[in-house]
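User: I'm new to this structure and would like a close look at one part of it. Could you walk me through the aromatic rings and the packing around them?

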Amino acid sequence: MYLRSLEYFRGLAIVFIVAGHCYILSEWQFPTVLERSFANVLTAGTALFVFISGFLFHHVFYPRFHYKTFMTKKLWNVLAPYLFFSLFGITYALTVHGPYPEFFFGPGDSWWDRLLRPALLYLLTGAEVWAYWYIPFIMIVFALSPLFILYIRASLRTRLSLFIALLLFAMFLQRPLNNLLVAQSVFFYTPVYLAGILASQNRQQLHALFDKREGWLLAGAGILALVQAYTYTGAGSMHAPPFAWNGLDINILQKLLLSLFFMLYLYRFENKDIPLLSALAQASFAIFFIHCWIILALIPVVQPLYKAVPLHPFPALVLNVLLVLFLSYLPAASIKRLLPNISKILIGW
């Protein structure tokens with residue numbers, strides 16, 4: 001059963017992801033509690049994508065799951081675009097000798113230390129561009145699909161117990177520093193993926209439970225964002241070395257509530273046509289790959305402009321998001337039209 005509301009959710013999710021990266025254009029530092037609360041909601045939007053992936057794994061793939069067919073599609077539709085864009089990303093990283101040169105480049109001047117070693121490590125981690133870590137992570141999640149099949153077939157008590165245990169572990173573990181350790185990302189986001197699966201399995205019950213009361217989920221997410229703003233001076237997910245105590249990350253709880261809110265609330269529009277959200281959803285993967293490059297290109301242009309024409313960071317952020325979405329969608333739509341037979345392999349759309 002096709003769910004239009006999930007398509008709309010995916011369209012909103014890519015807006016969150018782009019917005020969470022656009023604040024650097026206006027150099028917003030979130031100095032106040034209110035601003036940090038807003039940033040806590042806005043940033044770390046990748047969790048929304050992970051929740052949707054878990055939901056769709058159960059809703060779409062599980063009824064007719066075949067591991068080889070599933071992984072073949074993911075290799076062509078997810079990994080292939082990543083390899084295409086990584087040609088640009090890794091070339092850029094090798095040219096500027098970064099980011100994180102201390103982790104990727106060897107101590108010598110050989111081809112291995114200067115080119116082959118960093119190229120391979122960048123490819124395996126996605127660290128050449130800040131958002132690309134998601135692809136090595138999600139490909140591992142896809143490869144672990146047989147475990148998620150077992151999870152789906154387990155008893156409700158087992159599923160809930162495992163979800164709660166992994167969620168508590170993720171809150172303690174936190175995301176890896178600079179998103180470099182892919183295995184840590186897998187452990188951190190696995191409960192979000194499981195939450196998507198559980199939401200799909202219990203969709204009717206959730207709709208009945210929160211019928212016209214979805215706002216409580218949004219309020220809960222807002223309260224968690226405010227609590228985090230009072231207790232943590234950064235914004236978004238917390239990052240730490242593996243097994244190093246750094247407090248508990250409650251942003252993941254907030255994103256779970258936000259995911260449930262969007263899943264349930266947007267169902268009200270299941271039979272309504274919202275072309276803008278549909279367009280964003282269809283192009284979401286291409287926008288994901290392209291928006292990083294658009295932001296990098298805009299930084300030397302936009303940042304001096306904001307310094308010359310003072311503008312509060314919030315309206316600046318709105319303008320940045322609209323501009324980056326438009327400039328990311330435009331080349332994606334052009335490639336889709338010009339190369340319809342191979343565009344999905346190149347850009348994921």
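Analyst: Happy to help; what follows starts with the ring pairs and then moves outward to their surroundings. One thing to keep in mind is that this is a predicted model.

Let's begin with the rings themselves. The structure holds 43 aromatic pairs. A pair of aromatic rings is described by the distance of the centres and the angle of the planes. Take Tyr132 and Phe289: their ring centres are 5.5 Å apart and their planes stand at 80°, so this pair is edge-to-face. The cut-off behind that word is an angle over 60 degrees. Where do Tyr132 and Phe289 lie? Tyr132 belongs to the loop between α6 (111–125) and α7 (134–143), while Phe289 is part of helix α15 (residues 284–308), so the pair ties together parts that are 157 residues apart in sequence. Both Tyr132 and Phe289 are buried.

Step along the chain to Trp133, and you meet a second pair. Trp133 and Tyr189 are stacked, with 5.8 Å from centre to centre and 20° between the planes. For stacking, the planes have to be under 30 degrees apart. Trp133 sits in the loop between α6 and α7, and Tyr189 in helix α10 (residues 182–201), so here the pair ties together parts that are 56 residues apart in sequence. Are these two residues buried or exposed? Trp133 is buried, with a relative accessible area of 5%, and Tyr189 is buried as well, at 1%. The loop between α6 and α7 therefore supplies a ring to each of these two pairs, Tyr132 to one and Trp133 to the other.

A ring can also have a charged residue as its partner. Lys74 lies over the face of Phe142, at 4.6 Å from the ring centre.

Now let's widen the view to the nonpolar core. The largest one has 98 residues, and those touching the most other members are Phe9, Tyr132, Tyr134, Ile135, Phe137, Met263 and Phe288. You will recognise Tyr132 from the edge-to-face pair. The largest share of this core, 12 residues, comes from α15, the helix that also holds Phe289. Apart from this core lies another, of seven residues, which include Ala93, Phe104, Phe105 and Ala127.

Phe9 is a good place to see the packing up close. Once neighbours within four places in sequence are left aside, Phe9 is in contact with Leu48, Phe51, Ile52, Ser259, Phe262, Met263 and Leu266. Met263 turns up again beside His207, a residue of helix α11 (residues 203–209). Not counting residues up to four places away in sequence, His207 touches Met263, Leu264 and Tyr267. At 16% relative accessibility, His207 counts as buried.

From here we can look at how two helices meet. Helix α9 (residues 156–173) packs with helix α13 (residues 251–265) at an angle of about 135°, and their axes are 9 Å apart. The two helices are therefore oblique to each other. On the α9 side, Phe163, Leu167, Ala170 and Met171 take part, and they meet Ile252, Leu253 and Leu256 in α13.

A few backbone details are worth a stop too. Most residues other than glycine have a negative phi, and most peptide bonds are trans. Another aromatic residue, Phe30, has a positive phi, near 55°. Phe30 is placed in the loop between α1 (4–22) and α2 (33–42), and is buried with a relative accessible area of 8%. Ala44 likewise has a positive phi, near 60°; its place is the loop between α2 and α3 (46–61). Ala44 is buried, with a relative accessible area of 14%. As for the peptide bonds, the one joining Gly98 and Pro99 is cis, with omega about 10°. Pro99 is found in the loop between α4 (67–96) and α5 (101–104).

To finish, here is a residue of helix α12 (residues 215–231), Val227. At 38% relative accessibility, Val227 counts as partly exposed. Val227 and Asn40 are 187 residues apart in sequence, and their C-alpha atoms are 10.0 Å apart in space. Helix α12 also holds Gly220, which counts as buried at 19% relative accessibility.

Technical notes:
Residues numbered from 1 in each chain as written. Predicted model: local features only at pLDDT ≥ 70, side-chain atom pairs only at ≥ 80, totals over all residues. Heavy atoms only, no water. Phe/Tyr/Trp six-rings, centres within 6.5 Å; stacked < 30°, edge-to-face > 60°. Helix = DSSP H or I, 4+ residues; strand = E, 2+ residues; numbered from the N terminus. Buried < 20%, exposed > 50% of the residue type's maximum accessible area, 1.4 Å probe, protein only. Lys NZ or Arg CZ within 6 Å of the ring centre and 35° of its normal. Core = buried A, V, L, I, M, F, W, Y, C linked by side-chain atoms within 4.5 Å. Contact = heavy atoms within 4.5 Å. Axes fitted to C-alpha atoms, helices over the stretch in contact; angles between N-to-C directions. Parallel < 35°, antiparallel > 145°, perpendicular 65-115°, else oblique.
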